[in-house]
Amino acid sequence: MTTMTRRELLKASGTAGLVLSAPAILSAQSKEPIPIGTLCPLTGAGGSYGPDMQRSVVAVVERINKAGGINARPIQLFHEDDQTNAEAGVRAARKLIDVNKVVAIVSTWASAVTLAVKPLCVEARVFVIGVSGADSVTQGDHKGYIARTQPNTNLQGRMYAKFAVSKKEWKRVAYMALQTPYAQSFGDAFTGVLKAAGVTITDSLIYEDKKPSYRSEVTRVLATNPDLIMLEGYTPDSVVMAKDIYRAAYKGAVLAPSFAINAKFIEGVGAEVAEGIWNMDRAPLFDSPAYKEFSAAVPRGDQSPYAPQAWDQMTLVALALAAAKGEASGTVIKDNLRTVSNPPGTVVYSFADGARLLGEGKKINYEGASGSCDFDQIGDILSAPFSVQQVRKGKSELVMIINP
Amino acid sequence: MIAYLTAIATLVGVRALLTLGLNVQWGLTGLVNLGAVAFFAVGAYTSALLAVGGAPLVFAWPAAVGLATAAGAGLAMVALRLREDYLAIVTLGFGEVLRLFLLNEAWLTRGANGVTAIPRPLHARFAGHYDLFYLALVLVVVALVYAALERLRRSPFGRVLRAIREDEIVAAVAGKPVFRFKVQAFALGAGIAGLAGILFAHYLAYVEPNMFLPQESLFVWLALILGGSGNNRGALLGSLVLLGLLEGSRFAKDVIPFLTGVRLAAAQQILVGVVLVVLMIRRPEGLLPEQPGSD
């Protein structure tokens with residue numbers, strides 16, 4: 001009796017597996033479209049950023065395909081969820097590479113995921129472009145198959161420091177950071193610039209995620225009497241931290257990344273606690289035609305700084321493929337990325353314009369929604385403007401743009 | 001497709017080892033270990049750090065298994081005076097303490113950055129079809145561990161473990177040193193988890209602390225309960241079915257058109273959950289229940 005049901009179960013699950021995988025096998029065999037994968041976090045810690053990034057990529061591809069595709073070949077997208085988890089990311093990447101035969105994976109988010117999929121993508125000659133910040137992402141021998149549109153932590157740290165130095169009243173600064181791959185290197189760059197400018201670093205503290213209260217951390221830092229607390233974290237821990245700082249009757253200023261001080265943060269702490277918090281992030285080029293096209297196509301996209309980057313990543317991959325005219329592969333993308341993104345060349349803001357000029361045999365220089373998108377040899381972004389915002393009456397308002 | 005299936009089979013093999021390890025502890029001896037991932041992490045990190053530091057793998061691998069076993073024995077000595085719920089809490093806590101150690105003691109573990117560029121054994125020799133070689137390696141290890149554990153289960157040692165599981169007072173009255181047996185079983189399970197960690201680290205060539213979150217331990221439990229605890233074949237099947245569900249649902253979303261974006265990801269998890277619940281209702285003992293008197 002039990003053996004019968006077991007066999008039936010095995011048969012049923014086997015058949016189900018075959019039926020489910022059949023369409024994927026078929027689609028992998030069709031030659032005409034160029035397969036490209038997305039590996040955004042739809043669940044897990046990055047779950048609030050991934051959907052917007054994916055939406056951006058889809059919007060770009062719709063435009064490209066409507067405009068006739070890349071050298072008359074349409075793009076076919078395959079979406080996978082990395083679950084903000086390195087091992088799940090590897091399984092998803094293997095499926096994209098081996099089953100869907102993608103030539104590029106765009107819009108990875110967590111540094112851990114990018115680092116985990118890096119070796120297998122380099123080996124399979126698949127191009128990866130993401131927003132991961134950790135310095136180790138672009139280090140090591142990756143043969144050019146890795147690039148990112150997010151400034152590395154060193155550049156970020158220096159930009160935050162540049163703003164902090166410009167505020168003359170901040171003479172004593174404390175650094176508090178969530179334990180992440182970039183907490184240390186960001187802090188080193190940030191405090192380094194400040195010290196050189198004569199600002200006192202009163203304390204430097206790395207704290208754990210998911211604590212119900214940060215009273216002891218806040219007490220320690222406030223005892224050093226800072227004028228500014230640089231709070232480098234994500235939204236959930238920043239909510240707890242901001243409340244504890246407020247309760248401790250701190251009178252100085254707080255500076256934090258905008259991806260932490262978002263609408264959810266303000267809702268979580270209330271407008272009173274959030275009032276006056278400074279926040280910075282890589283600024284989209286608000287005046288750029290590419291940004292205008294992006295914000296029209298992706299209405300909710302301007303809520304996170306990653307969505308415009310995803311837009312640019314997909315456009316860059318498509319332009320690099322268009323520049324090659326021949327076969328579509330990861331190698332073609334990495335060989336042509338800097339040809340279409342860096343000067344010299346006619347500045348273009350969209351795939352359609354870029355592809356037309358490439359067709360006429362001209363050089364192009366793509367300027368995107370997220371910035372000028374110029375890459376150095378290891379795949380890091382060369383420079384990026386940053387926006388400074390401040391929470392006023394329950395809303396983050398743009399105060400200024402800082403250029404490197 | 002072959003390369004993809006190879007990758008999934010390799011990860012199934014790693015999970016199967018973890019499940020076999022837990023089966024020694026829970027399935028045979030009845031010890032609740034909610035910190036299986038801790039010994040997985042000890043194995044992975046020890047081997048990774050030694051190998052990156054230049055130690056040959058013939059030294060790094062036994063050292064990693066040894067340290068995982070020692071960690072298991074050490075925890076067992078302290079914690080096995082406790083039973084059931086209390087033991088569960090201590091092992092769960094141990095897993096988190098270890099993860100936080102890996103995250104914060106950057107001088108030793110490289111902290112949140114993780115360990116990158118872990119050397120892959122014999123990579124140059126099998127350059128063309130390395131993944132197939134690695135899968136073969138994993139399968140050989142799984143087969144050896146499985147054969148050894150089957151022998152162990154049928155041996156007098158295995159019978160004592162099962163006697164302890166059923167009623168440790170009876171085993172003690174029969175003159176068995178219950179505590180010593182429990183420590184040995186716990187350490188053995190931990191060593192196997194460490195072995196799984198080694199294979200995992202050198203396969204991914206990258207480890208970082210957040211790969212070892214508490215939910216990974218729960219996945220091991222899911223696989224064991226699904227397959228049938230107490231039965232080594234059940235442990236293997238459970239790992240296969242669990243990863244099969246996680247991966248199979250991936251293809252469902254390429255077919256069903258109205259599922260988009262976040263909905264896909266949520267549907268994937270709902271599907272896995274539903275199948276697990278149904279299986280538990282239909283087959284509460286697992287897919288392959290332990291056969292009474294099968295020694």
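Leu122(B) is partly exposed, because 13 other C-beta atoms lie within 10 Å (with C-beta atoms placed from the backbone, 20 or more others within 10 Å of a residue's own make it buried, 12 or fewer exposed, and numbers in between partly exposed). The loop that holds Leu122(B) runs between helix H5 (106-109) and H6 of chain B; helices here are DSSP runs of H or I with at least four residues, strands are runs of E with at least two, and both are numbered from the N terminus. Although not a glycine, Leu122(B) has a positive phi of about 55°.

The model is predicted, so local features are given at pLDDT of at least 70 and side-chain atom pairs at pLDDT 80 or more, while totals for chains, interfaces and linings use all residues. Residues are numbered from 1 along each chain as its sequence is written, and chains are lettered from A, and ligands numbered from 1, in the order in which they are written.

In chain B, helix H1 (residues 2-28) packs against helix H6 (residues 130-154) at an angle of about 20°, and the two axes are 9 Å apart. Axes are lines fitted to C-alpha atoms, for helices over the stretch in contact, and the angles, from 0 to 180 degrees, are taken between N-to-C directions. H1(B) is therefore roughly parallel to H6(B), a label for angles under 35 degrees; over 145 counts as roughly antiparallel, 65 to 115 as roughly perpendicular, and the rest as oblique. The crossing of H1(B) past H6(B) is left-handed, meaning that the near helix is turned anticlockwise from the far one by less than a right angle, whereas a clockwise turn makes a crossing right-handed.

Residues of H1(B) that meet H6(B) include Ala3(B), Thr10(B), Gly13(B), Leu17(B) and Leu28(B), and among their counterparts in H6(B) are Asp131(B), Leu135(B), Val142(B), Tyr146(B) and Arg153(B). Contact here requires C-beta atoms, placed from the backbone, to lie within 7 Å. By class, this contact of H1(B) with H6(B) comprises 19 nonpolar, 3 polar and 2 charged residues; Ala, Val, Leu, Ile, Met, Phe, Trp, Tyr, Cys and Pro count as nonpolar, Asp, Glu, Lys and Arg as charged, and the others, Gly among them, as polar.

Two residues add detail to these helices. Leu137(B), in helix H6 of chain B, is partly exposed, with 18 other C-beta atoms within 10 Å. Between Leu137(B) and Thr10(B) the C-alpha to C-alpha separation is 9.0 Å, with their positions 127 residues apart in sequence. Arg15(B) belongs to helix H1 of chain B and is buried, with 25 other C-beta atoms within 10 Å. Neighbours within four places in sequence aside, Arg15(B) is in contact with Ala223(B), Ser239(B) and Leu243(B). Glu216(B) is 201 residues from Arg15(B) along the chain, and their C-alpha atoms are separated by 10.0 Å.

Turning to the interface, 33 residues of chain B are in contact with 32 residues of chain A. On the chain B side, two or more residues come from each of H1, helix H4 (84-104), helix H11 (232-255) and helix H12 (261-282). H11(B) contributes the most, with 8 residues. The classes on this side of chain B are 21 nonpolar, 8 polar and 4 charged residues.

Chain A is divided into domain 1 (33-152 + 287-366) and domain 2 (154-280 + 385-402), with bounds that come from an automatic or database domain assignment. The C-alpha centres of these two domains of chain A lie 31 Å apart, and 9 residues of domain 1 are in contact with 10 residues of domain 2. The domain 1 side of that contact has 3 nonpolar, 5 polar and 1 charged residues.

Also in chain A, helix H3 (residues 86-99) and helix H4 (residues 111-123) pack at an angle of about 40°, with axes 8 Å apart, and are therefore oblique to each other. H3(A) and H4(A) make a right-handed crossing. Among the residues that meet are Ala86(A), Val90(A) and Arg94(A) from H3(A), and Val113(A), Leu120(A) and Cys121(A) from H4(A). Their contact has 10 nonpolar, 1 polar and 1 charged residues.

Finally, some backbone details of chain A deserve a look. Most residues other than glycine have a negative phi, and most peptide bonds are trans. Ala249(A), not a glycine, nevertheless has a positive phi of about 60°. The loop between helix H8 (235-247) and strand E9 (253-257) of chain A holds Ala249(A), which is exposed, with 7 other C-beta atoms within 10 Å. Pro343(A) and Pro344(A) are joined by a cis peptide bond, with omega about 5°; Pro344(A) lies in the loop between helix H13 (330-341) and strand E11 (346-348) of chain A.

How values were computed: Two residues are in contact if their C-beta atoms, placed from the backbone, lie within 7 Å.
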